[in-house]
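Below is a short note on the model, set out as numbered points. Please read it alongside the sequence and the coordinates.

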Amino acid sequence: KKTMSYKASGVIIAVMPTAHGTTRNGKDWEKQECVLEMSDKYHTKMKFSIYSWDGPIETPLKTGDSVEISFMVEARESKGNWFNEVKAYCVEHQKR
């Protein structure tokens, strides 16, 4: 099956507190949400999530990091409302 994937690059301007828990299979997971400010002329901002399904995120992102992310957008329904989540599956640190 083919999924739509996208790329964006810029600087991390905000990092939310890390969320974590345990899957039904007993594996630890972690989720980090960040805000990326892109280097376009409008300085577009986008909130995205990165997940680790097997323990802590190997390289947590920090404010000021310059990155390129590959991501997909996924929708979910909750109590009759729909929400989009931008999920990054690859983060590459860029030289400034």
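**Notes on the predicted model**

1. The chain has zero helices and six strands. The model is a predicted one, and the points that follow should be read with that in mind. Along the sequence, the order of elements is β-β-β-β-β-β.

2. On overall dimensions, the C-alpha atoms fill a box of roughly 45 × 30 × 30 Å when taken along the principal axes. The accessible surface of the chain comes to about 7,100 Å², and carbon and sulfur atoms account for 51% of that surface.

3. On burial and contacts, 29% of the 96 residues count as buried. Among contacts in the chain with a separation of 6 or more, 53% are between residues 24 or more positions apart.

4. On charge, the chain carries 15 positive and 13 negative side chains. The centres of the two sets lie 3 Å apart.

5. Which residues make the nonpolar surface patch of about 310 Å²? The patch is made by M4, Y6 and V73. Of these, V73 is found in strand β5, which covers residues 66–78. Patch members need over 30% relative accessible area. V73 is partly exposed, with a relative accessible area of 44%, so V73 passes that cut-off.

6. Two residues deserve a look at their backbone angles. The first to check is H43, which is not a glycine yet has a positive phi of about 50 degrees. H43 is found in the loop between β3 (28–38) and β4 (45–52). Is H43 buried, partly exposed or exposed? With a relative accessible area of 42%, H43 is partly exposed, because the partly exposed class runs between the 20% and 50% limits.

7. The other residue to check is K79, where phi is near 55 degrees, again a positive value in a residue other than glycine. Where does K79 lie? K79 is in the loop between β5 and β6, the latter spanning residues 81–93. The relative accessible area of K79 is 81%, so K79 counts as exposed, the cut-off for that class being over 50%.

8. To bring the local points together: strand β5 holds V73 of the nonpolar patch, and the loop between β5 and β6 holds K79 with its positive phi. H43, also with a positive phi, belongs to the loop between β3 and β4.

Terms used:
Residues numbered from 1 in each chain as written. Predicted model: local features only at pLDDT ≥ 70, side-chain atom pairs only at ≥ 80, totals over all residues. Heavy atoms only, no water. Helix = DSSP H or I, 4+ residues; strand = E, 2+ residues; numbered from the N terminus. Buried < 20%, exposed > 50% of the residue type's maximum accessible area, 1.4 Å probe, protein only. Contact = heavy atoms within 4.5 Å. Areas by Shrake-Rupley, 256 points an atom, 1.4 Å probe, with all protein chains shown as cover. Lys, Arg positive; Asp, Glu negative; His and termini not counted. Charge placed at Lys NZ, Arg CZ, Asp CG, Glu CD. Patch = residues over 30% accessible without salt bridge, like charges linked within 9 Å, V, L, I, M, F, W, Y side chains within 5 Å. Salt bridge = Lys/Arg side-chain N within 4 Å of Asp/Glu carboxyl O.
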